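Visitor: I'm new to this one and would love a close look at a single part. Could you pick a helix and walk me around it, along with whatever sits beside it?

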Amino acid sequence: MITISERREHESAKSFVLRVLIDNIINTRLEPGEKLNEPELCEQLGVSRTPFREAELELAQRRLIEIRPKIGTYVSLIDAELVEEVRYLRAVLEAEIARMACEKLTPADIDQLWENVALWRMYIERAQEEKIFELDKGFHRLLYVQCGCPYWYDLVENLAPHFDRTTILSFRCRPAKTIYEDHVSLLKAIEQKDAAAAHRIAGQHMQRYTENLSAIREAFPHYFKA
């Protein structure tokens, strides 16, 4: 069953539909390969078919859904090659962000990041994957913003849902502790202003998907494009 968040103030119907559908696709409440029931979803979201179809077109352009004329609309299967492209882009950008953070971040900035990491431990113990995922996103977003690169973050975020689905799935078949430990190591390197170590750790961190891929595919083979 999908989760529907509150519609934000001044949020257009299309933007609302887009945000809710992306959230449910990422968290696989709408599973890869699942057919979208337009009338039912419109009713649940409280919108007409026009903004729903506008949102569908954008999702199709972003390759998150597949519109099959006269057949239906389906959540796209995970394309491992596309996910790898997104992973590589993030690896390049975030290794550089980590290097920049050693020069730019203030003690107050670093405290914000440590607060994020402190919450990780609690949610790992409770096995609350969606909370862990939110904290993971928040940690990386903070780094981009604190380094003065919000446009880089927006660029990555437009492609992120493809990678984010596999992140969620990895939490279901591999311990999240390793990712948590990466964040701790990265923060320690930033605090020590060790740019080389921060750059290396950030690159290794983005390699976790590749390390986990076989486990993810074994656990969820029907989610992946052949």
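Guide: Here is a tour of one helix, followed by its neighbours and some of the charged pairs. Keep in mind that this is a predicted model.

Let's start with helix H5, which runs over residues 107–125. With 19 residues at 1.5 Å a residue, H5 should span 27 Å, and its end C-alpha atoms are 28 Å apart, so the two agree. Which residues of H5 are buried? They are Asp-109, Ile-110, Leu-113, Asn-116, Val-117, Trp-120 and Tyr-123. These cover an arc of only 135° around the axis, so they sit on the same side of H5. Go round to the face turned away from that buried side, and you meet the exposed residues Pro-107, Ala-108, Glu-115, Ala-118 and Glu-125. What do the buried residues of H5 pack against? Their partners are H4, H6 and H8. Just after H5 ends, Ala-127 takes a positive phi of about 55°.

Now take those partners in turn, beginning with H4. Glu-94 is found in this helix, and with a relative accessible area of 6% it is buried. Leaving out residues up to four places away in sequence, Glu-94 touches His-140, Tyr-144, Ala-202 and Met-206. With one of these, Tyr-144, Glu-94 makes a side-chain to side-chain polar contact at 3.0 Å. If you're wondering how Glu-94 relates to Ala-127, the two are 33 residues apart in sequence and 27 Å apart in space, C-alpha to C-alpha.

Next comes H6, residues 129–146, where you'll find Asp-136. Here is a charged residue that is buried yet has no salt bridge. The nearest side chain of opposite charge belongs to Arg-90, and it is 5.5 Å away. Asp-136 does have a polar contact, though: its side chain meets that of His-183 at 3.3 Å. Apart from residues up to four places away in sequence, Asp-136 touches Trp-120, Thr-167, Ile-179, His-183 and His-205. You've met Trp-120 already, as one of the buried residues of H5.

Other charged residues of H6 do find partners. Glu-130 forms a salt bridge with Arg-29, and the closest N and O atoms are 2.8 Å apart. That pair links distant parts of the chain, with Glu-130 in helix H6 and Arg-29 in the loop between helix H1 and helix H2, 101 residues away. Glu-130 counts as partly exposed at 32% relative accessibility, while Arg-29, at 16%, counts as buried. Then there is Lys-137, whose side chain meets that of Glu-157 in a salt bridge of 2.9 Å, N to O. Because Lys-137 lies in helix H6 and Glu-157 in helix H7, the pair ties together parts that are 20 residues apart in sequence. Lys-137 is buried, with a relative accessible area of 15%, whereas Glu-157 is partly exposed at 27%.

Last of the partners is H8. Here Glu-181 forms a salt bridge with Lys-177, with 3.9 Å between the closest N and O atoms. The two are four residues apart in helix H8, so about one helical turn separates them. Glu-181 counts as partly exposed, at 36% relative accessibility. Elsewhere, salt bridges that share partners join Lys-14, Glu-58 and Arg-62 into one network. Altogether, the count comes to 19 salt bridges.

Conventions
Residues are numbered from 1 along each chain as its sequence is written. This is a predicted model: local features need pLDDT of at least 70, side-chain atom pairs count only at pLDDT 80 or more; totals for chains, interfaces and linings use all residues. Side-chain values use heavy atoms; hydrogens and water are left out. Buried means under 20% relative accessible area, exposed over 50%, partly exposed in between (1.4 Å probe, protein chains only). Lys and Arg count as positive and Asp and Glu as negative; His and the chain ends are not counted. A salt bridge is a side-chain nitrogen of Lys or Arg within 4 Å of a carboxyl oxygen of Asp or Glu. A polar contact is a pair of N or O atoms within 3.5 Å; within protein, one must be able to donate a hydrogen and the other to accept it, and residues adjacent in sequence count only if both atoms are side-chain atoms. Contact means heavy atoms within 4.5 Å. The expected span of a helix is 1.5 Å times one less than its number of residues. The arc is that of the directions from the helix axis to the C-beta atoms.
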